[in-house]
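Here is a short report for a reader meeting this structure for the first time. It covers a helix packing and some aromatic pairs.

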Amino acid sequence: MKQTVQAEIQGKTVTIETGWLAKQANGAVIVRSGDTMVLVTAVGAKTVKENQSFFPLTVNYQEKTYAGGKIPGGFFKREGRPSEKETLTCRLIDRPIRPLFPEYFLNETQIMATVISADRDNDPGILSIIGASAALTISDLPFQGPIAGVRVGRVAGNFICNPTADELLVSDIDIVVAGSKDAVIMVEGGADMVSEQDLLDAIFFAHESIQPIIAVQEELQIKVGLRKIEVIAPPVDEALRDRVSAISFAKIKEAVKIKSKMDRKDALSAIKSETIEELQAEFEGRDSEIATFLSDLEYQIVREHIAIDGERIDGRDTKTVRQITCEVGLLPRVHGSALFTRGETQALVAATLGTSVDEQRIDSLYGESKKRFMLHYNFPPFSVGETSMRLGPARREIGHGALAERALAKVLPSFDDFPYTLRIVSETLESNGSSSMAAVCGGTLSMMDAGIPIKAPVAGIAMGLIKEGDAVVILSDILGDEDHLGDMDFKVAGTANGVTALQMDIKIAGVTREIMKEALDQAREGRLHILEKMTGELAEPRQEMSPYAPRITTIYVKTDKIRDVIGSGGKNVRGITEATGVTIDIEDTGKINIASHDMAACEKAIKMIRDLTAEAEEGKLYMGTVKKVMDFGAFVEIFPGTDGLVHISELDTERVKNVSDVLREGDTVLVKCIGIDKQGKIKLSRKEALGATLPE
């Protein structure tokens, strides 16, 4: 039976329906706002795979092009691999729901969100977060929700829930917030150098705004009335756990104090092998249980060491940032390069300048668009001492790259001031926590090394949280183990004046506004420290770009002259590029960007364009070429494609009987413009130019 609930958010209606589509899924809903509709389904396997040791949750989000009234581009004319936007939306859906499944629920579970109708004002990604929660909430799967998500913007000082595309263009905040009834679970987004206090206000404005959506999901759950699967924790062998603790507790306590990541990893691995070997005879075939107890011990020891003793794995206090070293200009043929090292995390970052032909073309539900700034983050397996099959960037790499790109995009110069396409590539060479923030720091340095006039340097830092009972400890610049064993991963990037990007995932309930404020304030302290280290290496963008970077010169022509530059079928512009080797980008406004590594080629192209668009001026001398001889005069080309008539009476001071007695086709002749009529026809005189010379 069809069931429907509705919620109002700042005058917009969100409708959730179930019971009439995809009825064989564990849970299925249609979420609608305006004319945007998303079908979201949740399906869980009936049984757990043998030896399954983790929760296999998969989230798939797909935008069907028919939803926007389009046919897919390309040869096959059907949707293919996920776009970058679709991948990022998958992550937005996954991150807030994953922590809300019971620890011992290991059945394979899949969420599928399919955009089946799309307008331009309602974000299907936000509706998909709501839909994933609703589908899980009404299902029999043991989801501990519901949750909801909204996008928050700020225009003219006022917060807006789920702003339109036009509103986002003038908004200085763009964040997605997901939360439950009691807590914020996830934050992702960017801002235009906004203060920490303003972001905090935006986050909790969002949390208040999602409450009606959470309430109607609870209402829908009651209407559907499905009973949740009961998840029973497996029995714990207390005797085995005590034996593991007795053998390894003291060893693990010492091992987790080892500062080097790889040495610490080796020590813990050795403890695991020794413990299993010692218990082999007594507990044969129970290696996985022993490994689980060892992981639990490490979790307990590390957290207590931080929360009670106030000392972290590598011996730092809670606010100290690891040692930082920076180097720029280390790749000789690269337009801009930097090596940023923080502790055992290291990123080699390169900046490449290009022209309009290098822009990324994006085909989406809403039509084609272009992207002139790209940041690509790579995380090769050697960065953590591992091997793996690599078939392109993983979702994590795409997500980290988008976060770093968002952080740096806010400080780029305008296209009018700096008409380049820009690509940043961050190669993670070593990783022990916060490699995405290393990409931000290295990206800033590489852009300044390339001579890109950014508005201000940007740095990033990853914050953590350990909450043990009443003890709450906020950690600056977390290690990989502190991320894994902690309760919060909070990445903040920005300039000295404010935040440009943030990403937060909270693994526990009950993080208060006060705790979040303390984390933001502590992150600012760390960010300023990192900025000081970065600007100590390179204080501002270089005044000169690399000699290997293209030079772009901008000129302007009248809009009615654009067709003269392009020529019939593009003949003129094609001829200029073939003759000079430059790249030419012509805008409808008459702005023309000419790019080349060779300035002489640029100058030649500029002259050719000026010749094509030049206009005759009365009283001015021109050296022209005779194109056609007639009985009444000669047509002389004074610019490419522009000619005027020298009447037979204007050929000489003496009477001329035949034009051919004075001029022949192909002759070069100095003439003077003596008039331009209302139709734009040019009158020339050879007679008045006799004895004159062109000015140099």
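Helix α2 passes helix α5 in a right-handed crossing. The model is predicted. Helix α2 spans residues 124-138 and helix α5 spans residues 211-224. The two pack at an angle of about 30 degrees, with their axes 9 Å apart. Angles under 35 degrees count as roughly parallel, so α2 is roughly parallel to α5.

Which residues make the contact? From α2 come I130, S133, A134, T137 and I138. From α5 come I213, Q217, L220, Q221 and V224. By class, six of the contact residues are nonpolar and four are polar. None is charged.

Next, the aromatic rings. The count comes to ten aromatic pairs. Two of them are set out here.

| Pair | Centre to centre | Angle between planes | Arrangement |
|---|---|---|---|
| F55 and F105 | 5.7 Å | 55 degrees | tilted |
| F632 and F635 | 6.3 Å | 90 degrees | edge-to-face |

The pair of F55 and F105 links distant parts of the chain, 50 residues apart. F55 sits in the loop between β4 (36-44) and β5 (57-63). F105 sits in the loop between α1 (84-97) and β6 (109-117). Both F55 and F105 are buried. They also belong to one aromatic cluster, formed by F55, F101, F105 and F143.

Are F632 and F635 buried or partly exposed? F632 has 38% relative accessibility, so it counts as partly exposed. F635 has 26% relative accessibility and therefore counts as partly exposed.

Conventions: Residues are numbered from 1 along each chain as its sequence is written. This is a predicted model: local features need pLDDT of at least 70, side-chain atom pairs count only at pLDDT 80 or more; totals for chains, interfaces and linings use all residues. Side-chain values use heavy atoms; hydrogens and water are left out. Axes are lines fitted to C-alpha atoms, for helices over the stretch in contact, and angles run from 0 to 180 degrees between N-to-C directions. Helices (H or I, at least four residues) and strands (E, at least two) are DSSP runs, numbered from the N terminus. Angles under 35 degrees count as roughly parallel, over 145 as roughly antiparallel, 65 to 115 as roughly perpendicular and the rest as oblique. A crossing is left-handed if the near helix is turned anticlockwise from the far one by less than a right angle, and right-handed if clockwise. Contact means heavy atoms within 4.5 Å. Ala, Val, Leu, Ile, Met, Phe, Trp, Tyr, Cys and Pro count as nonpolar, Asp, Glu, Lys and Arg as charged, and the others, Gly among them, as polar. Rings of Phe, Tyr and Trp (its six-membered ring) pair if their centres lie within 6.5 Å; planes under 30 degrees apart count as stacked, over 60 as edge-to-face and the rest as tilted. Buried means under 20% relative accessible area, exposed over 50%, partly exposed in between (1.4 Å probe, protein chains only).
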